[in-house]
Amino acid sequence: MTDGPAVDSRPTKIMYVAEATAHGGREGYVTSQDGQLDLRVAMPPQLGGDGAGTNPEQLFAAGYSSCFHNALILVGNREGYDLTGSTVSAKVGIGPNRQRGYGLAVALSVSLPVLDPGLAAKLVDAAHEVCPYSNATRGNIDVTIVLG
């Protein structure tokens, strides 16, 4: 799946605002304004930490996979398909970039066991255009989508 030309994907109306606060960076905790999140965060061992908590990459993977899956279900329903049994998994990688900072890369793995591969690819492409995470990352983060 490839990204096409840049399209303005900014919202025309804000329908919901999530609010979270970090305390202590990658070695602390995060909370949400509504109390639904209260998680310890820790550097993973691969980055020199003890791994005794979640990390921003896991949270990003959880958010992107659930958002993309919802977009996939939405476009499937619009086309008249029941996507029961489908899944989306996300892998989020982090590493140094050329600007002396860090960058992310995402790999989404989509399972649509009840659809033929051609139709599945069409729905995945449509979901990639609908998903807010896809729209936010387009042109900024390498996103690979694999049907499996």
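**View 1. Strands β4 and β5 side by side in the predicted model.** In this predicted model, β4 and strand β5 (residues 102-111) are antiparallel partners, joined over 10 bridges. To find your way along the pair, start from A90, which stands opposite L108 in β5.

**View 2. The open sheet around β5.** Here we take in the sheet of three strands, in the order β4-β5-β6 and with mixed pairing. Which strands stand at the edges? They are β4 (87-96) and β6 (142-147); each has a single partner strand, so one side of each is left without a neighbour in the sheet. From one strand to the next, the twist averages 15°.

**View 3. Two helices against the sheet.** Helix α1 lies across β4, β5 and β6, and runs at about 145° to β4. Helix α2 (residues 117-130) also packs on the sheet, where it touches β5 and β6. The direction of α2 makes about 155° with that of β6.

**View 4. A close look at S65 in helix α1.** This serine belongs to α1, the helix spanning residues 56-78. Is S65 buried or exposed? With a relative accessibility of 14%, S65 counts as buried, because the cut-off for that label is under 20%. The side chain of S65 reaches the backbone oxygen of A62 at 3.2 Å. Leaving aside residues up to four places away in sequence, S65 touches V88, S89 and A90. A90 is the residue met in the opening view, opposite L108 in β5.

**View 5. The hairpin of β1 and β2.** Strand β1 (residues 20-23) and strand β2 (residues 28-32) run antiparallel and are joined by four bridges. Two pairs are handy for orientation: the bridge partner of A20 is S32 in β2, and that of T21 is T31 in β2. Four residues lie between the strands of this hairpin, and G24 takes a positive phi near 95°.

**View 6. From β2 on to β3.** Strand β2 pairs again here, in the antiparallel sense, with strand β3 (residues 38-41) over four bridges. T31, the bridge partner of T21, stands opposite D38 in β3. How many residues lie between β2 and β3 in their hairpin? There are five, and G35 in the turn has a positive phi of about 85°. As for its surroundings, β2 is largely enclosed by the rest of the structure, because four of its five residues are buried.

Terms used:
Residues are numbered from 1 along each chain as its sequence is written. This is a predicted model: local features need pLDDT of at least 70, side-chain atom pairs count only at pLDDT 80 or more; totals for chains, interfaces and linings use all residues. Side-chain values use heavy atoms; hydrogens and water are left out. Buried means under 20% relative accessible area, exposed over 50%, partly exposed in between (1.4 Å probe, protein chains only). A polar contact is a pair of N or O atoms within 3.5 Å; within protein, one must be able to donate a hydrogen and the other to accept it, and residues adjacent in sequence count only if both atoms are side-chain atoms. Contact means heavy atoms within 4.5 Å. Two strands pair if DSSP finds at least two bridges between them. Axes are lines fitted to C-alpha atoms, for helices over the stretch in contact, and angles run from 0 to 180 degrees between N-to-C directions.
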